[in-house]
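Biologist: Please take one strand of the sheet and go through it closely, then place it among the parts around it. Plain wording will do.

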Amino acid sequence: MKMDVLLGLQWGDEGKGKVVDYLAPAYEMVARFQGGPNAGHTLEFDGIKHVLHQIPSGIFRNNIHNIIGNGVVLDPVVLKKEIEALKKFNIDFRKNLAISKKATIILPTHKLLDAAYEKSKGEKKIGSTLKGIGPTYQDKIGRVALRVGDMLAPDFKERYLDISDRHRSILDYYQYKLNDLPALEGEFFDAVEFFKSLNLVETEFEVNAAIRAGRKVLAEGAQGSLLDIDFGSYPFVTSSSTMTAGACTGLGVPPSVIGEVFGIFKAYCTRVGSGPFPTELFNEEGEQMRRDGNEFGSTTGRARRCGWLDLPALKYSIMINGVTQLFMMKADVLNNFEQIRVCTGYELPDGSVTDHYLTGSSDEVIKPVYKTLKGWNCSLDEVAHYKDFPDELINYVEFLENELNVPINMVSVGPDRKKTILK
Ligand code: GDP
Ligand code: IMO
Ligand code: MG
């Protein structure tokens, strides 16, 4: 009678989609609890590659009920496109997907506001995905947003006009051109009609009933802990609670039902968008990670910033989430490094060293302190069992486990479902 939670522990794109898809056969329900189309979760199997934005990553497995919870901000236009793109898989969306009537709707004007706010910030922009995430959560907290359940109201159009009029005044203040708006609104209202054919329910009842009935439920996080609205590197964060606690508020389940917390991290770090990144590499090593890891955004295509693993940051994420098991992703991307560095602390301007993650503003002047380990420097293509890993990789895993005090129970060595090694 527990719900397990799977989260990214870094700045997103750790490989959550791959792992949820891999673990899904052990579950009967997979539920997204926050974020929206800013997420891009990649799944690879049987020679196909698929990127999901709002649909939970359990969708390709039979007999899994997928939930989009109340904590999600949902773009109907994107969801319609996602469903259409999955046509060839013959998925019964009415049966296998339920959408919370309490999820907040991303409106066309939210996307324009996102762009207007970013433009007005100039150099200080967040580097948002421009999917309307911030403005939509702003309206949710401001108690003026529209929710999925509102689509069923006869006066939905009037409600839309009421809120979009307010948005237009703000856009006018920013002198933002509205040329694209009529086309966006056309698509939006088409998608709203399509939405009415989907399974729109109070998902909190479904999730709690499943847990009470002893069915296995997995909550799928989006983004990462270091992008959390409270604990991330504010203001360079997303607008939702990306941590374990967010799974409770984003699905309507009590904290007492949380079971395992699976924390996913890359064997190194990446970040897309602006904000502090203490171990970022600006040299050939960073280029190599980007090249070998194909580190380009799944949602926006932007090049991801790359750097060495940051242990203070990882320890912090483990602490705020209560992680019980770690999964290390993309180990294969480090195959061609003779040496691997890991940041174990930060040197402060006064020369002292701390292993506390400094979550504050980007102007903190800190210098990472590194430990250097020997790289395995060989391909992992043929490895099928943990015990067959090269000694240096086993040494890397054991070093991290020692530092983090949480077992690393899975190591991922390629994007395909099959390239997953359990300990
Ligand atoms: P998510 O947002 O956390 O689901 O991650 P993304 O899908 O945005 O980014 C992870 C990328 O790494 C995707 O392109 C995956 O196919 C890929 N990937 C996942 N695991 C591995 C791995 O172990 N090795 C390699 N080389 N790629 C991986
Ligand atoms: P997944 O689920 C990586 C980043 C953006 C930007 C900041 C705020 O695929 O791991 P937003 O559009 O949310 O207002 O952008 O957060 N960001 C992500 N980075 N992976 C994601 O999702 C992200 N979702 C948002 O790049 O820096
Ligand atoms: Mg992603």
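Modeller: Two strands count as paired if DSSP finds at least two bridges between them. The model is a predicted one, and the part taken here is strand S10, residues 217-220.

S10 has a paired strand on either side in the sheet order, S2 and S1. With strand S1, residues 3-8, the pairing is parallel and runs over 4 bridges. Within that pair, Asp 4 has Leu 218 as its bridge partner, and Val 5 stands opposite Ala 219. Strand S2, residues 29-32, is also parallel to S10 and is joined to it by 4 bridges. Here Met 29 is the residue opposite Val 217.

In a regular strand, side chains alternate between the two faces of the sheet. In S10, Val 217 and Ala 219 point one way, while Leu 218 and Glu 220 point the other way. All four of these residues are buried, Glu 220 included.

The wider setting is an open sheet of 10 strands with mixed pairing. Read across, the order is S9-S7-S5-S2-S10-S1-S11-S15-S19-S20. The edges are strand S9 (200-201) and strand S20 (420-422), each of which pairs on one side only.

Next, the nonpolar packing. The largest nonpolar core has 59 residues, and those that touch the most other members are Met 3, Met 328, Leu 334, Phe 389, Tyr 396 and Leu 400. Helix H12, residues 391-404, supplies the largest share of this core, 7 residues. Setting aside neighbours within four places in sequence, Phe 389 is in contact with Leu 380, Val 383, Ile 394, Val 411, Val 413 and Ile 421. There is also a second, separate core of 33 residues, whose members include Leu 79, Leu 86, Phe 93 and Phe 189.

Last, the bound molecule. Ligand 2 is surrounded by 21 residues, and the closest are Asp 13, Lys 16, His 41, Thr 129 and Thr 238. Thr 238 places a polar side-chain atom 2.6 Å from an oxygen atom of ligand 2. Two backbone contacts can be added: a backbone N or O atom of Gly 40 lies 2.9 Å from an oxygen atom of the ligand, and one of Val 272 lies 3.0 Å from an oxygen atom of ligand 2. Of the 550 Å² of accessible area that ligand 2 has on its own, the protein covers 97%.

Notes. Residues numbered from 1 in each chain as written. Chains lettered and ligands numbered in written order. Predicted model: local features only at pLDDT ≥ 70, side-chain atom pairs only at ≥ 80, totals over all residues. Heavy atoms only, no water. Buried < 20%, exposed > 50% of the residue type's maximum accessible area, 1.4 Å probe, protein only. Helix = DSSP H or I, 4+ residues; strand = E, 2+ residues; numbered from the N terminus. Core = buried A, V, L, I, M, F, W, Y, C linked by side-chain atoms within 4.5 Å. Contact = heavy atoms within 4.5 Å. Near = heavy atom within 4 Å. Polar contact = N/O pair within 3.5 Å; in protein donor to acceptor, adjacent residues only side chain to side chain. Areas by Shrake-Rupley, 256 points an atom, 1.4 Å probe, with all protein chains shown as cover.
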